[in-house]
Amino acid sequence: MAMKINKYPKSRAMFERAAKVIPSGVYGHLGPAEGNFIPVDAFPLFGEKAKGSYFWDLDGNKFIDYMCAYGPNVLGYGDEDVDAAALEQIKLENCTTSPSPKMVELAELLVDTVACADWAFFAKNGGDVTTLSIMTARAATHRKKIIFVNGFYHGVAPWCQKIDYPGVLPEDVENNLYVDWNDFAALEKLVAENEGEVAAFIAMPYLHGNYFDNQLPADGYWQKVRKLCTEKGIVLIVDDVRCGFRLDLAGSDHFYGFEADLICFCKAIANGWNVSALCGKEYLKSAVSGLSYTGSYWLSAVPFAAGIACINKMKKLDTPKLFREKALTLTNGLRAAAANNGFDLVVSGEPALFYMRIANEDTLMLHQEWIAECVKRGIFFTSHHNHFMNASLSDDDIKHTIDVAEDAFKAVKKNHPEI
Ligand SMILES: Cc1ncc(COP(=O)(O)O)c(C=O)c1O
């Protein structure tokens, strides 16, 4: 059984250095101010190297990583085929004055692979392309309003932040309308109340927020949304930044049996090489062409070469099927380990992006305690976020994870004999 880690002295020292010169030390989703790393003392804050499904922190501790860099690690860290393609391209060129044909090849591959895609527009981060999707919808429809699903996350641009967040103006979000997930009647009502004014409905393929069980689409929900959007001239945007290529290589809309007008991809395109893509229907191509939208590194060739290799390898391995099978073995094992020790582990969302919650009590404290015991034994889960599968995760890794999880449940139980 794994040795228990007590502290992370080198990680902590590096964090102190970081905090002096970097706002909040490590900001955003990778930082300790993020609620995913509660309790903070259980988590390493800096890593030194990564390979396959593992990373090693600054103190030399090895972890099986179920966060996968929050999604980009889809084949395994340092995948040899993807990195070979990237290194081959580095020898030729990367960020240059004229784009490489690799850009066209990747666009062709996406159009061939993604069911609703007639074209692809590249950028760097997920937020670049969710923003582009909104601008495209507004340009195409000459309408202002956007419907969001409560619990959404589409990035950090002002249009998708909340009205009371620092730095956000009421004007940034005044055209935003909100509806609950899976509530089609409410969506219909909202559209009727704003007849002729709604440019787009934007949603993740299913609700995978933090702090609550993830919710799959109700039967027929997406088909009804599709029909309504078509009837009312509303652009249907699927934000597939997180799920993209993990449920279905043809897009998560294809997985759920409908077609989006615009679909946003990022994390899994190139196994960690930085590229994102907005794909869409032919009728929106001229609207995108008319926008003023670009970035210094958006047309760099190396991530395009990596993306081509990554998508081809995902096809060869049929990663969505692989993820589902591996994830079901893992989560069934985790739930059984919980039950053996008197815990009710609820697993929600699609298996490839499983979300966990111990349901014995409502405060999530027990859950955080169990996550901490797992992390201290070398299994990198986080407390309040969905997890990710990657193709290099072996059956032995899964077995070891379940064994460690059981040990962690026993440790929590010792502190809570009432369970
Ligand atoms: C569903 C979804 N949309 C958009 C984004 C924003 O992507 P990025 O952080 O690459 O800008 C994320 C990032 O986690 C996401 O999960």
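**Figure 1. N271, a buried loop residue in a predicted model.** With a relative accessibility of 9%, N271 counts as buried, and the model shown here and in every view below is a predicted one. To find N271, look in the loop between β9 (262-265) and β10 (276-280). The N271 side chain reaches two backbone atoms: the nitrogen of L75, at 2.8 Å, and the oxygen of G76, at 2.9 Å. Setting aside neighbours within four places in sequence, the residues in contact with N271 are P72, N73, V74, L75, G76, D79, V82 and C310. L75 and G76 therefore appear again in this contact list, this time alongside residues such as D79 and C310.

**Figure 2. Where domain 1 and domain 2 meet.** The protein chain is split into domain 1, made of 9-65 + 319-415, and domain 2, which covers 80-317. Domain 1 gives 23 residues to the contact and domain 2 gives 21 residues. Between the C-alpha centres of the two domains the distance is 27 Å. Together, domain 1 and domain 2 bury about 1,800 Å² between them, and carbon and sulfur atoms account for 54% of that area. On the domain 1 side, T319, E350 and L353 lose the most area to domain 2; these residues together make up 28% of what that side buries.

**Figure 3. A closer look at the domain 1 side of the interface.** Eleven residue pairs are in polar contact across the interface of domain 1 and domain 2, with both partners at pLDDT 80 or more. Which elements of domain 1 each supply at least two residues of the side that touches domain 2? Look for α11 (319-340), β11 (345-348) and β12 (355-358). Of these elements, α11 gives the largest share of that side, with four residues. Sorted by character, the domain 1 residues that touch domain 2 comprise eleven nonpolar, eight polar and four charged.

**Figure 4. K51 and E80, a salt bridge between a strand and a helix.** Side chains of opposite charge can pair when their charged atoms come close. Here the side chains of K51 and E80 meet in a salt bridge, at 3.0 Å from N to O. The structure holds 19 salt bridges. The K51 and E80 pair links distant parts of the chain, with K51 in strand β1 (residues 47-51) and E80 in helix α2 (residues 80-92), 29 residues apart. Are these partners buried or exposed? K51 counts as partly exposed, at 38% relative accessibility, whereas E80 is exposed, with a relative accessible area of 57%. Across the interface of domain 1 and domain 2, two salt bridges are found.

**Figure 5. D261 and R226, a salt bridge between buried residues.** The side chains of D261 and R226 meet in a salt bridge with an N to O distance of 3.1 Å. D261 sits in the loop between α8 (252-255) and β9, while R226 belongs to helix α7 (residues 221-232), so the pair ties together parts that are 35 residues apart in sequence. D261 has a relative accessibility of 5% and counts as buried. R226 counts as buried too, at 16%.

**Figure 6. A salt-bridge network around E373 and R377.** E373 forms a salt bridge with R377, and their closest N and O atoms are 2.6 Å apart. Both of these residues, E373 and R377, are buried. Zoom out a little to see the network of salt bridges that links K4, E373, R377 and D407.

**Figure 7. Backbone details in three loops.** Start at P39, in the loop between α1 (9-21) and β1. I38 and P39 are joined by a cis peptide bond, with omega about -5°. Next comes A69, in the loop between β3 (62-65) and α2. Though not a glycine, A69 has a positive phi of about 60°. A69 is partly exposed, with a relative accessible area of 36%. Finally, turn to Y211, in the loop between β7 (198-203) and α7. Phi of Y211 is near 75°, again a positive value in a residue other than glycine. Y211 is also partly exposed, with a relative accessible area of 43%.

Note on methods: Residues numbered from 1 in each chain as written. Predicted model: local features only at pLDDT ≥ 70, side-chain atom pairs only at ≥ 80, totals over all residues. Heavy atoms only, no water. Domains from an automatic or database assignment. Contact = heavy atoms within 4.5 Å. Buried area = accessible area lost by both parts, 1.4 Å probe. Salt bridge = Lys/Arg side-chain N within 4 Å of Asp/Glu carboxyl O. Polar contact = N/O pair within 3.5 Å; in protein donor to acceptor, adjacent residues only side chain to side chain. Nonpolar A, V, L, I, M, F, W, Y, C, P; charged D, E, K, R; others polar. Buried < 20%, exposed > 50% of the residue type's maximum accessible area, 1.4 Å probe, protein only.
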